[in-house]
Amino acid sequence: MLDVNTAAPDFRLNATPDQKFSLSELKGKNVILTFYPADWSPVCGDQMSLYNEMLHYFNKYNADILGISVDGKWCHAAFREARKLHFTLLADFEPKGAVSKLYGVYDEKKGQSERALFVLDAEGIIRWNYLSPVGINPGADGILDALEMISSKK
Amino acid sequence: MAKLKPPVSEQDHMKGDPRAHVILVEYGDFQCPHCGAAYPIVKQIVKDYKEKMAFVFRHFPLAEAHPFAQAAAVASEAAANQGKFWQMHALIFENQHLLGLEMLLQLAESLKLDMKTFEHDFRDPKMFKKVEDQFESGIMSGVNGTPSFYINGIKYDDSYDYDSLTQAIDKAISKNAASKTKA
């Protein structure tokens with residue numbers, strides 16, 4: 001996975017069926033990138049739903065969150081609606097997993113993204129990263145600690 | 001390893017002796033079906049470990065997923081103001097499938113709470129803040145879904161069935177007893 005203190009490479013992916021979104025659009029904001037294996041994980045309070053409950057805590061730190069998986073744009077649209085998610089999910093769909101590979105968090109065997117977190121500062125530098133065992137939801141304490149560290153060093 | 005932040009204090013709702021060998025903390029959501037399933041298990045454990053364990057419940061309402069979770073949490077805090085947190089906690093979980101605003105008021109009535117005070121507290125932003133603060137402590141403690149359990153401040157990641165939980169509790173008890181004899 002990409003190291004801390006490297007510049008996060010830009011990318012452009014579908015955010016909705018008819019809209020593309022570039023990482024560079026968030027310049028000036030802290031960004032949380034959360035790569036995850038798949039939409040529709042069956043557990044109650046799964047990782048994306050959990051982050052959905054925490055958006056205003058992220059906002060306090062001037063941070064936006066982007067979810068990224070290899071699911072297609074229509075799949076993401078249905079998933080967002082079903083779980084009432086209020087943040088952007090990006091489809092790393094074609095070429096499959098290209099952005100996940102770019103960040104070094106693609107599982108070639110399973111053909112899906114790993115469960116990985118990156119926190120970028122307002123300049124787009126990776127300030128914290130974390131690779132979670134695929135079956136374990138890492139929660140958000142690491143993310144908030146990283147955002148706290150970024151804001152305290154300003 | 002995720003740790004409980006802040007540690008258990010007098011601010012918490014606690015069942016049992018705070019000096020017990022083990023303190024079990026649950027971050028839960030009154031509308032979460034998994035928390036509902038865990039409720040009778042935890043109740044049994046609290047009964048079986050009466051002298052040895054204290055139990056703490058903190059709120060972690062997933063308000064987007066569960067529209068009544070927050071209201072239920074606030075209602076339990078309003079009941080706590082009249083000394084009936086645990087009674088309310090029990091009634092809500094026992095009637096989880098009926099959860100709604102009307103139902104919360106009915107539960108408060110059935111507990112013979114002073115309804116004027118209850119309805120006031122139920123709308124009091126301070127009670128809401130209390131729930132939010134617990135939610136925030138949950139995030140900082142690494143809660144990754146509900147229910148999340150902590151045994152003596154360390155996150156417990158195994159399943160919440162009776163055998164797994166009590167095994168971990170027994171281990172914490174013997175560890176604690178061993179360190180006390182050494183000291």
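Across all chains of this predicted model, the count of aromatic pairs comes to 19. One of them joins F57(B) and F85(B), whose ring centres lie 6.3 Å apart with 40 degrees between the planes, a tilted arrangement. This pair connects distant parts of the chain: F57(B) belongs to strand β3 (residues 53-59) of chain B, while F85(B) belongs to helix α3 (residues 85-94) of chain B, and 28 residues separate the two. Both F57(B) and F85(B) are buried.

A second pair in chain B is formed by F118(B) and F122(B). Here the planes meet at 25 degrees and the centres are 5.6 Å apart; because planes under 30 degrees apart count as stacked, this pair is classed as stacked. The two residues sit in helix α5 (residues 115-122) of chain B, and because F118(B) and F122(B) are four residues apart there, about one helical turn separates them. With burial defined as under 20% relative accessible area, F118(B) is buried at 0%, and F122(B) also counts as buried, at 17% relative accessibility.

The tilted pair described above is part of a wider network. Ring pairs join F57(B) and F85(B) with F30(B), Y39(B), F55(B), W86(B) and F93(B) in a cluster.

Turning to chain A, a charged side chain meets an aromatic ring: K101(A) is placed over the face of Y106(A), 5.0 Å from the centre of the ring.

It is also helpful to view chain A as a whole. Its secondary structure consists of five helices and nine strands. Followed along the sequence, these elements of chain A occur in the pattern β-β-β-α-α-β-α-β-α-β-β-β-β-α. The pattern thus opens with three strands and ends with a helix.

The overall dimensions of chain A can be described in two ways. A compact globule of 154 residues would have a radius of gyration near 15 Å, so the 14 Å of chain A agrees with that expectation. Taken along the principal axes, the box filled by the C-alpha atoms of chain A is roughly 40 × 30 × 30 Å.

Burial and contacts complete the picture of chain A. Of its 154 residues, 54% are buried. Considering contacts in chain A between residues at least 6 apart in sequence, 65% join residues that are at least 24 apart. The surface that chain A exposes amounts to about 7,000 Å², and carbon and sulfur atoms supply 53% of this area.

Key
Residues numbered from 1 in each chain as written. Chains lettered and ligands numbered in written order. Predicted model: local features only at pLDDT ≥ 70, side-chain atom pairs only at ≥ 80, totals over all residues. Heavy atoms only, no water. Phe/Tyr/Trp six-rings, centres within 6.5 Å; stacked < 30°, edge-to-face > 60°. Buried < 20%, exposed > 50% of the residue type's maximum accessible area, 1.4 Å probe, protein only. Lys NZ or Arg CZ within 6 Å of the ring centre and 35° of its normal. Rg over C-alpha atoms; globule rule 2.2 N^0.38 Å. Contact = heavy atoms within 4.5 Å. Areas by Shrake-Rupley, 256 points an atom, 1.4 Å probe, with all protein chains shown as cover.
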